[in-house]
Amino acid sequence: MKTTSRKTAARHALSAVAAAALTLVSTGSWALGLGRMAVQSALGESLRAEIDITSMSAEEASSLRVKVASAEAYRAAGIDYNAALPSAQVTVAKRADGRSYLRIVSDRVVQEPFVDVILELTWSSGRLVREYTLLLDPPGSTRMATAPAPMYVM
């Protein structure tokens with residue numbers, strides 16, 4: 001009988017450890033979340049776009065750093081590095097209703113209708129790499145381009 005109670009106690013302890021580990025894993029996987037990108041510029045204009053932040057904890061917000069990936073990262077991914085990207089700045093901003101978003105602005109003109117943007121986001125306890133493909137409409141077009149993107153968490 002003592003052997004059975006020890007086995008049961010060991011199973012309960014192992015279950016508790018497994019549950020704790022899953023809690024830690026799932027906490028990290030529910031980290032910073034990004035939504036769609038809304039392109040606000042047209043072909044032949046400087047790059048302007050916004051990305052909704054769908055979820056972000058206070059800890060993530062306090063240590064968040066966002067940048068467009070380096071030209072080397074683009075080469076490693078086999079993606080063209082657009083001439084408008086070296087001057088691109090990414091900042092966290094808030095909408096009137098209090099929701100946070102990323103604002104991407106470049107002072108260089110975009111000449112190609114498709115631009116791939118790889119963002120690298122880091123905070124004290126995590127990292128996220130996200131790729132977006134932008135479609136820039138000709139000047140005077142009324143449609144605002146948005147594009148879903150694949151997510152890469154590292």
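**Exercise 1. Classify R48 and its salt-bridge partner by exposure.**

R48 has a relative accessible area of 31%, so R48 is partly exposed. The classes are buried (under 20% relative accessible area), exposed (over 50%) and partly exposed in between, with a 1.4 Å probe and protein chains only. The partner of R48 is E45, and the closest N and O atoms of this salt bridge are 3.7 Å apart. A salt bridge here is a side-chain nitrogen of Lys or Arg within 4 Å of a carboxyl oxygen of Asp or Glu. E45, at 30% relative accessibility, is also partly exposed.

The model is predicted: local features need pLDDT of at least 70, side-chain atom pairs count only at pLDDT 80 or more, and totals for chains, interfaces and linings use all residues. Residues are numbered from 1 along each chain as its sequence is written, and side-chain values use heavy atoms, with hydrogens and water left out.

**Exercise 2. Describe the chain as a whole.**

Step 1: count the elements. The chain has 3 helices and 9 strands, where helices (H or I, at least four residues) and strands (E, at least two) are DSSP runs numbered from the N terminus. Their order along the sequence is α-β-β-α-β-α-β-β-β-β-β-β.

Step 2: look at burial. The chain has 154 residues, and 35% of them count as buried.

Step 3: look at contacts, meaning heavy atoms within 4.5 Å. Of the contacts between residues at least 6 apart in sequence, 54% join residues at least 24 apart.

**Exercise 3. Find which strand gives the largest share of the largest nonpolar core.**

Step 1: define the core. A nonpolar core is a set of buried Ala, Val, Leu, Ile, Met, Phe, Trp, Tyr and Cys residues joined through side-chain atoms within 4.5 Å.

Step 2: give its extent. The largest one has 33 residues, and L102, L119, L121 and L134 have the most contacts inside it. Two or more residues come from each of strand 1 (33-39), strand 2 (46-55), strand 3 (65-68), strand 5, strand 6 (114-123) and strand 7 (126-135).

Step 3: name the strand. Strand 6 supplies the largest share, 6 residues.

Step 4: examine one core residue. Beyond its neighbours within four places in sequence, L134 is in contact with residues including M37, L47, F114 and V117.

**Exercise 4. Show how strand 3 and strand 6 are joined.**

Step 1: establish the pairing. The two strands pair in the antiparallel sense over 4 bridges; pairing requires that DSSP finds at least two bridges between the strands. V68 stands opposite L119 in strand 6.

Step 2: separate the faces. In a regular strand the side chains alternate between the two faces of the sheet. In strand 3, V66 and V68 form the covered face, while R65 and K67 form the uncovered one.

Step 3: add the charged pair. E120 forms a salt bridge with K67, with 3.8 Å between the closest N and O atoms. E120 lies in strand 6 and K67 in strand 3, so the pair ties together parts that are 53 residues apart in sequence. E120 is buried at 15%, whereas K67 is partly exposed at 48%.

**Exercise 5. Place S100 and list its surroundings.**

Step 1: S100 is in strand 5 (residues 100-109). Its relative accessibility is 12%, so S100 counts as buried.

Step 2: the side chains of S100 and K94 are joined by a polar contact of 3.3 Å. Such a contact is a pair of N or O atoms within 3.5 Å; within protein, one must be able to donate a hydrogen and the other to accept it, and residues adjacent in sequence count only if both atoms are side-chain atoms.

Step 3: leaving out residues up to four places away in sequence, S100 touches D52, I53, M56, V92, A93 and K94.
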